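Good morning, colleagues. Please take a moment with the sequence and the structure before I take you through two regions of interest.

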Amino acid sequence: MSLPSMKNYINGEWVESDSTTIGDVWNPAKGEKIATVAYGTAQDVDRAVKAAKDAFWEWRTTPPLTRARYLFRLKDAFEENFEEIARVLTTEQGKAIDEARGEVRRMIENVEHATGVTTLMTGYTLEDIAKGIDCYGHRQPIGVFAAIVPYNFPGMVAWWFLPYAIVCGNTFIVKPSEQVPMTQTKIFEIVDEIGLPEGVVNMVHGSRDVVNALLDHPDVEGISFVGSTPTAKYIYKRCGETGKRVQALGGAKNIVAVTPDANIEAAMPSLTTSFFGCAGQRCLSGSVLVPVGDVADELIEKFVASAKAMKVGDGLDEQTAMGPLAGPAHKERVLGYIEKGIAEGAELILDGRDFTVPECPNGFFVGPTIFDHVKADMTIAREEIFGPVVSIVRAKDLDEVIELINTRGYGNAACIYTDSGTTAREFKYRVKPSMVGINIGIAAPMSFFPFGGAGDSFFGDTKGHGQEIFNFFTDTKVVIQRWL
Ligand code: NAD
């Protein structure tokens with residue numbers, strides 16, 4: 001039986017790529033290939049950019065409120081198809097179905113927030129900047145923008161950008177991750193139903209060739225990127241060279257501290273899901289757990305028990321708390337980090353290496369894995385593993401925690417569990433990462449706040465969603481006027 005193959009969406013039509021490079025799409029819980037995707041070419045990109053450019057003027061001159069009405073329609077259409085999107089997402093990515101539902105909910109929230117365009121896109125004016133002279137600044141759309149997105153959030157991440165770009169009057173191209181192209185294809189089938197003018201939104205599947213063609217194309221005005229730090233740096237540099245606007249969100253190594261006064265019992269569910277939810281494949285996942293002072297023994301005992309009690313399995317099973325890793329290569333990479341932790345002398349207190357799920361014998365599972373007595377300079381305490389592997393680094397006091405956080409290159413998120421307001425304030429005031437959780441293990445800003453980190457986790461100045469994104473997708477034209 002032949003597998004479904006993912007098509008590009010260009011100028012309001014589903015089109016085949018003429019590429020001969022075809023990739024596999026997996027159901028990672030079953031270890032089965034479920035679809036194929038052609039890795040698009042520069043010609044595919046050129047077609048999409050031409051469609052987006054041709055659509056721009058008509059769309060740009062459509063009133064913002066009329067543009068927002070398409071988003072209202074889209075929100076309703078997404079709600080109607082909510083469960084189906086979530087199920088496709090879990091099938092190809094592996095995350096637990098409830099988490100997939102959370103992702104789709106966050107995707108829709110960006111559509112909702114973008115409908116505020118008539119307030120959020122307004123400019124500003126000042127009369128009498130000199131005698132009889134007035135000045136005003138309009139925010140104008142710019143042209144064709146594109147998003148290049150990662151595999152761990154196949155639905156939501158493109159929508160941190162797309163609704164804002166188009167509601168401001170730009171046109172758009174999405175390049176989904178080649179590992180998980182089915183979710184965005186499902187989403188674009190829904191987009192296709194709401195009757196947006198042709199060319200306003202487009203999608204080209206593929207890998208590096210598509211990315212490079214977008215980066216090189218003279219008619220692409222700006223790039224929104226989310227993925228690993230090496231790729232984010234590459235995108236940022238290339239956009240500088242070709243003069244494009246860019247926002248590039250990178251990888252993470254998030255530290256979660258627990259102080260002796262914290263309510264450990266109450267914290268345990270959110271702590272556990274911080275480290276093991278989505279099998280650790282979140283840019284906001286906890287990766288290093290830091291017990292402060294004498295809380296260590298009690299915390300570690302309860303944390304290990306909680307990790308062991310998690311149901312690991314097929315994400316489509318409602319009882320599953322943690323699914324598989326997204327693909328065979330990534331599973332090997334995570335196992336490699338566990339070997340490295342052992343070789344460097346950390347103490348493996350929960351071993352997820354030979355983990356099996358009886359009903360899914362071929363799935364790409366790694367069980368919850370915990371290392372104790374990890375030193376700050378060990379590889380597993382410094383590098384992003386992106387799997388269900390926790391490094392416990394014990395600290396004597398808050399200063400040591402903050403020092404640990406602020407000496408990682410990454411600066412995505414940092415969390416603290418404490419009952420002390422003084423400790424919490426000191427923590428949020430001094431840490432470098434720009435997403436901070438206080439008694440929250442996944443500090444994920446909602447659509448109306450900006451999403452993005454600091455240091456090696458973010459390159460650019462305007463982050464994902466929030467109010468600032470209206471700056472990224474517009475140019476402020478200043479008019480100085482007098483009547484003679
Ligand atoms: P990745 O960098 O491998 O890929 C991201 C995108 O870039 C994909 O669409 C891919 O096709 C493309 N790409 C990959 N290598 C490329 C290259 N050499 N040249 C051009 N394009 C290339 O990332 P991933 O493995 O898909 O996703 C996981 C990473 O994303 C993790 O590091 C995670 O922390 C990060 N992430 C960050 C955030 C955030 O908000 N900061 C959110 C989600 C994921």
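On the surface of this predicted model, Leu126, Ile129, Val478 and Ile480 together make up a nonpolar patch, and their accessible area comes to about 400 Å² in total. Two elements, β6 (124–130) and β23 (475–481), give two or more residues each to this nonpolar patch. Ile129, for instance, belongs to strand β6.

I turn now to the ligand. Which residues come nearest to the ligand? Among the 26 residues around it, these are Lys175, Glu178, Ser228, Thr231 and Glu384.

Three of the side chains deserve individual mention. Glu384 places a polar side-chain atom 2.6 Å from an oxygen atom of the ligand. For Glu178, the separation between a polar side-chain atom and a ligand oxygen is 2.7 Å. Thr231 likewise has a polar side-chain atom at 2.8 Å from an oxygen atom of the ligand. As for burial, the ligand taken alone exposes 850 Å², and the protein buries 89% of that area.

What is the composition of the shell around the ligand? The shell residues comprise 14 nonpolar, eight polar and four charged ones. Among the contributing elements, α8 (208–216), β11 (220–226) and α9 (229–242) each provide at least two residues of the shell.

Finally, where does the ligand lie with respect to the domains? Residues of the shell come from both domain 1 (5–250 + 457–482) and domain 2 (254–438), and the ligand therefore lies between the two.

To close, I would draw your attention once more to the ligand between domain 1 and domain 2, and to the nonpolar patch on the surface, formed by Leu126, Ile129, Val478 and Ile480. Thank you.

Terms used:
Residues are numbered from 1 along each chain as its sequence is written. This is a predicted model: local features need pLDDT of at least 70, side-chain atom pairs count only at pLDDT 80 or more; totals for chains, interfaces and linings use all residues. Side-chain values use heavy atoms; hydrogens and water are left out. A residue is near a molecule or strand if one of its heavy atoms lies within 4 Å of it. A polar contact is a pair of N or O atoms within 3.5 Å; within protein, one must be able to donate a hydrogen and the other to accept it, and residues adjacent in sequence count only if both atoms are side-chain atoms. Accessible areas come from the Shrake-Rupley method with a 1.4 Å probe; for residues, only the protein chains shown count as cover. Helices (H or I, at least four residues) and strands (E, at least two) are DSSP runs, numbered from the N terminus. Ala, Val, Leu, Ile, Met, Phe, Trp, Tyr, Cys and Pro count as nonpolar, Asp, Glu, Lys and Arg as charged, and the others, Gly among them, as polar. Domain bounds come from an automatic or database domain assignment. Patches are made of residues with over 30% relative accessible area and no salt bridge: like charges are joined within 9 Å, nonpolar side chains (Val, Leu, Ile, Met, Phe, Trp, Tyr) within 5 Å. A salt bridge is a side-chain nitrogen of Lys or Arg within 4 Å of a carboxyl oxygen of Asp or Glu.
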